[in-house]
Amino acid sequence: GLVDKKSVILESEGEDKDRYDRLLRYIIVNETNINILLVKEGYAICYFYDDSKYEEKCKDYEAEAINKKLGIWKEK
């Protein structure tokens, strides 16, 4: 798996928790942002509570995934 048995870095930015009391973190493995990777591959959507250094890249990857009909954007 992407993070199984691997050392990860948890990066925080902006809000600490969401309205459901879940920690808001980016997961970094070998310098790869797993959150953004999931968007790029079509398995997640971009959603930000505040401004983020990752927002532009995330939205670009999301648009690309939608255009390519990857993951959750696949036509049924």
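A contact here means heavy atoms within 4.5 Å. With that in mind, start with the whole protein chain: residues 24 or more positions apart account for 39% of its contacts with a separation of 6 or more.

Before going further, note that this is a predicted model, in which local features need pLDDT of at least 70, side-chain atom pairs count only at pLDDT 80 or more, and totals for chains, interfaces and linings use all residues. Residues are numbered from 1 along each chain as its sequence is written, and side-chain values use heavy atoms, with hydrogens and water left out.

Now colour by secondary structure. From the N terminus you will pass β-β-β-α-α, where helices (H or I, at least four residues) and strands (E, at least two) are DSSP runs, numbered from the N terminus. Of the 76 residues in the protein chain, 22% are buried, that is, under 20% relative accessible area, with exposed meaning over 50% (1.4 Å probe, protein chains only).

Next, select residues 55–68. This is helix α2, with 14 residues. Which residues of α2 are buried? Show Cys58, Glu62 and Ala65 as sticks: these are the buried ones. They sit on the same side of α2, because they cover an arc of only 65° around the axis, taken from the directions from the helix axis to the C-beta atoms.

Add residues 34–40 to the selection: this is α1, against which the buried residues of α2 pack. Then turn to the face of α2 directed away from its buried side, where the exposed residues Glu56, Asn67 and Lys68 appear.

Last stop: lysine 69, just after α2, has a positive phi of about 55°.

How values were computed:
The expected span of a helix is 1.5 Å times one less than its number of residues.
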